[in-house]
Amino acid sequence: MSTTVTVGLGSRSYPIRVGGWPEVEFLALLKGRRGLIVTDSTVGPLYGARCEATLREAGASVVRATVPAGESSKSMQQAMALYGSALDAGLDRKSFILALGGGMVGDLAGFVAATYLRGVEFLQVPTTLLAMVDSSVGGKTAVNLPQGKNLVGVFHQPSRVVADLSTLATLPAREYASGLAEVVKYGVIKDARLFEVLDASADKVVARDAGLLESIVATCCEIKAGVVARDERETGERAILNFGHTLGHAIEKLTEYSGWFHGEAVSVGMVFAARLSSEVRGFPAADAVRVERLLERLSLPVRPPAGLGWRAVRQAMTADKKTEQGIPRFVLSDRMGSVSYGCVVDEAAAQRVFDAMV
Ligand code: NAD
Ligand code: GLY
C-alpha cells in the first residue's frame, strides 16, 4: 500500500510516495544516469545497500558518499567534500544526487545538488519522521555556519520523494517523538480533523501503527504541499509552518543546539503559542489544554528548560532571522485548524504566558 501526494509547482511539480519502498518504475526517470547517494553513518549501513540496488535496477549507476551522523555534518566542509565525491564519480549536469537520511542529510545533499554545476536533479528518501513530514518537502536546503543554523542555503525542489515508513522501525524513540511535534503542528495550523485523529489515537501513533502512519504522514505532506504550492519562497503563507517555532528556535539557541531536539523545542513553543492564542486571539482555552495534553501523551516536553527566563528568551527571539525590525512575530490561532502569521503581540501578554509555563 502507498499513497502519492503531488507538490503542484507547474513544470517542477513532483510526487511524494508515502508507504513502502516503491517499485522500480517510480525511479524510471533515472535510467542511464549517474548518481550520488548521500547518506550518514547511521542510515547508510541500514538502508544504503537496498537503495543502491533499486537504483541499479532502475538502470542508474550510483556511488555512495557517507557523512558522519549528526547536525555538525551540515557544514560547508562536508559540502566541499561532497562536491569532490560528485566530481570523482563523474557526475555531469544530467546526473542526480539522492539524499538518504533525515533532515540533516536532506538539507546538506540538497544544498550540494542545488549548487554543483549550478544545479543537478535531486531526490529525497527521508528516513526520519521529521524529514518525511517536513524537511524533504518544499525545497529548502541549507548548511550551517559557525555563527548560526541554516544561514547559507537555496531553494531547490526535489523531483521525487520516497517516504518508506518501514525505515521508521529503527528510528530511536526520541527522534520519532520529535517528528510527532511537527505532525501535531499541521493539525493545529490547518486540519482540525487531523488533530482529532491524533488525539483519539495517540497510543497507536506512539506504537507506530503502520496503516495509521501512512494516512497521517500523507495528510501532513498534503498540507505542506499545498502551502508550498501557494507560497514556494515564503513571502507569505509559508510562514504558518513556523507555528511554535518563535519560542522553539529561542530554546534551541539558548540551549546551544545540544540537549534539546528541534521537535522538543517546538513542542514547548506550540504550548506557548496555543496559550498566547487563547490570551490574545480567542483560541478556546480548552483547546490549548488539549494541545498540551496531546504533546505530553506523545512523550514531548511541554515546559521550557529549567532556569530559562523571559529576558533571555525575548532577546533570543529578537535575534532570530525571522524577526522583523527587532520585533518577534508569532503564528497564532483563533480556532483549531486555522492560524495567522506575522502576529505582533503585546510583550506583557507574551511574558505573562511564558512566566505561567515555567
Ligand atoms: P537528522 O537527520 O540529524 O537525524 C536524526 C538522527 O537519526 C541522526 O543520528 C540519524 O543518523 C538518525 N536516523 C535517521 N534516520 C534513521 C532511521 N531510519 N533509523 C535510525 N536512525 C536514523 O535529524 P532530523 O531530525 O531528521 O532533521 C533535522 C534537520 O532538518 C536539521 O538540520 C533542520 O535544520 C532540518 N530541517 C529542515 C527543514 C527544511 O524544510 N529543509 C525543515 C525542518 C528541519
Ligand atoms: N520547515 C518550514 C518550511 O519548510 O518552510
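**Figure 1. Residue classes and polar contacts around ligand 2 in the predicted model.** The shell around ligand 2 is made up of five charged residues and one nonpolar residue, with no polar residue. Its members are Asp134, Lys140, Lys224, Glu234, Arg238 and Leu241. Three side chains of this shell are shown with their polar contacts to ligand 2. In the side chain of Lys224, a polar atom lies 2.6 Å from an oxygen atom of the ligand. An N or O atom in the side chain of Arg238 is 2.7 Å from an oxygen atom of ligand 2, and for the side chain of Lys140 the corresponding distance to an oxygen atom of ligand 2 is 2.8 Å. Ligand 2 taken alone exposes 200 Å², of which the protein buries 85%.

**Figure 2. The shell of residues around ligand 1.** Ligand 1 is surrounded by 26 residues, and the closest are Asp40, Glu71, Gly103, Thr128 and Thr170. Sorted by class, the shell holds nine charged, nine polar and eight nonpolar residues. Several elements of secondary structure contribute to this shell. Helix 1 (43–57), helix 3 (103–115), helix 4 (129–135) and strand 8 (148–155) each provide at least two of its residues.

**Figure 3. Backbone contacts of ligand 1 with Met104, Lys140 and Thr167.** A polar backbone atom of Met104 is 3.0 Å from an oxygen atom of ligand 1. A polar backbone atom of Lys140 is 2.9 Å from a nitrogen atom of ligand 1. For Thr167, a backbone N or O atom likewise lies 2.9 Å from a nitrogen atom of the ligand. When ligand 1 is taken alone it exposes 870 Å², and the protein buries 87% of this area. Lys140 also appears in Figure 1, where its side chain has an N or O atom 2.8 Å from an oxygen atom of ligand 2.

**Figure 4. Packing of helix 5 against helix 8.** Two packed helices are described by the angle between their axes and the distance between the axes. Helix 5 covers residues 173–190 and helix 8 covers residues 210–230. Their axes are 10 Å apart and the helices pack at an angle of about 60°, so helix 5 and helix 8 are oblique to each other. Helix 5 passes helix 8 in a left-handed crossing.

**Figure 5. Packing of helix 5 against helix 10.** Helix 5, shown in the preceding view with helix 8, is shown here with helix 10, which spans residues 262–281. The axes of helix 5 and helix 10 come within 7 Å and cross at roughly 40°. Helix 5 is therefore oblique to helix 10. The crossing in which helix 5 passes helix 10 is left-handed.

**Figure 6. Crossing of helix 6 and helix 11.** This view shows helix 6 (residues 192–200) and helix 11 (residues 285–297). Their axes cross at roughly 50° and come within 10 Å. Helix 6 is therefore oblique to helix 11. Helix 6 and helix 11 cross in a left-handed sense.

Technical notes:
Residues numbered from 1 in each chain as written. Chains lettered and ligands numbered in written order. Predicted model: local features only at pLDDT ≥ 70, side-chain atom pairs only at ≥ 80, totals over all residues. Heavy atoms only, no water. Near = heavy atom within 4 Å. Polar contact = N/O pair within 3.5 Å; in protein donor to acceptor, adjacent residues only side chain to side chain. Areas by Shrake-Rupley, 256 points an atom, 1.4 Å probe, with all protein chains shown as cover. Helix = DSSP H or I, 4+ residues; strand = E, 2+ residues; numbered from the N terminus. Nonpolar A, V, L, I, M, F, W, Y, C, P; charged D, E, K, R; others polar. Axes fitted to C-alpha atoms, helices over the stretch in contact; angles between N-to-C directions. Parallel < 35°, antiparallel > 145°, perpendicular 65-115°, else oblique. Left-handed = near helix turned anticlockwise from the far one by under 90°.
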